[in-house]
Amino acid sequence: MKVITAYSHKGGTGKTTALMMLASAIEARGQSALLVDCDPHQSFKAYETHSRNTAPAIWSDKMDVIYLHYEATKVAVLEQTLLDADEGGRFDYCLLNLAGVDHPFNRHVLRYAELTLLPFAPAALDMMELPGALDVLRQLGDQGEVGQARVLLTKMRSKMTSAQTGYIDAVLAGFPVMKTQIRETAVLGDIVMRGLLGKAIAAWEPEASGLQKMEIARLREALEECQALLAEVDSIIELGEAA
Ligand SMILES: Nc1ncnc2c1ncn2[C@@H]1O[C@H](COP(=O)(O)OP(=O)(O)O)[C@@H](O)[C@H]1O
Ligand SMILES: [Mg+2]
């Protein structure tokens, strides 16, 4: 079971969206995932509930969601949950959804992830917050406590100017970055409404006509973005295992 998380010290950076994108790609491949909500907002639960309540249902029975509130859960409980899930052999992946805070629980959780994504939209406020999160990962990395970590550029509107690139390079200070970049799109913005994208396409495509066909095309593009993200995530984890 591959364990993946997304980390930042503030909300709204795109953590849950990045993980839901991975869930869509995992589902489209016919694989399974355990989704763990450690964020009191229980976003995964909201995605699941919404997707199951749509007609036709666009959730997968291969996705389980559990809730472990970060302030009320002992790290040992999370560890046992992950060990049990791994031993049970039901899941190909485990996606850990964290609250956007710098909290000891989150620092512990990072130790269980083979890959931590740090979603980052190159906007001023996010730029101010990112260095703190990078420092935590550098520290834990120096102590050999964490797996791989990558900044994930997200909510990208257009090509960056050279001034922006230079500023971002200074903020990143050599921290590794995913090759896959996530565009800012309506589909990804309200992925909660579309559920697992492969399921949504399969459910709606047969009846789509006119403008709906364009919407299906957009869903397909978004799913391809999800699949590119998962492919890179897999290759990073595999290379890490080989090292
Ligand atoms: N690629 C994207 N394109 C457009 N909107 C996005 C994208 N990624 C995230 N968002 C939007 O940004 C907001 C925060 O995203 P979310 O994943 O919930 O962040 P976090 O989990 O870090 O708090 C949400 O409203 C989400 O819909
Ligand atoms: Mg979230």
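User: What makes a residue count as near a molecule?

Analyst: A residue is near a molecule if one of its heavy atoms lies within 4 Å of that molecule. In this predicted model, 15 residues surround ligand 1, and Gly12, Lys15, Thr17, Arg183 and Gly189 come nearest.

User: Why is the pair between Gly12 and ligand 1 called a polar contact?

Analyst: A polar contact is a pair of N or O atoms within 3.5 Å. A backbone N or O atom of Gly12 is 2.6 Å from an oxygen atom of ligand 1, so the pair meets that cut-off. For Thr17, an N or O atom of the side chain lies 2.6 Å from a ligand 1 oxygen. In Gly14 a polar backbone atom is 3.0 Å from an oxygen atom of ligand 1. The protein covers 75% of the 560 Å² of accessible area that ligand 1 has on its own.

User: What kinds of residue form the shell around ligand 1, and which helices supply at least two of them?

Analyst: The shell divides into nine polar, four charged and two nonpolar residues; Gly counts as polar here. Helix 1 (15-28) and helix 7 (186-189) each supply at least two residues, and helix 1 has the largest share, with three. The space that ligand 1 takes is the largest pocket.

User: How do you know whether the radius of gyration agrees with that of a compact globule?

Analyst: For 243 residues, a compact globule would have a radius of gyration near 18 Å; the protein has 18 Å, so the two agree. Its C-alpha trace spans about 55 × 50 × 35 Å along the principal axes, and the protein has ten helices and six strands.

Technical notes: Residues numbered from 1 in each chain as written. Chains lettered and ligands numbered in written order. Predicted model: local features only at pLDDT ≥ 70, side-chain atom pairs only at ≥ 80, totals over all residues. Heavy atoms only, no water. Polar contact = N/O pair within 3.5 Å; in protein donor to acceptor, adjacent residues only side chain to side chain. Areas by Shrake-Rupley, 256 points an atom, 1.4 Å probe, with all protein chains shown as cover. 1 Å grid on protein atoms, 1.4 Å probe; cavity = no way out; pocket = protein on both sides within 12 Å on 5 of 7 lines; lining within 4 Å. Sits in = over half its atoms within 2 Å of the grid points. Helix = DSSP H or I, 4+ residues; strand = E, 2+ residues; numbered from the N terminus. Rg over C-alpha atoms; globule rule 2.2 N^0.38 Å.
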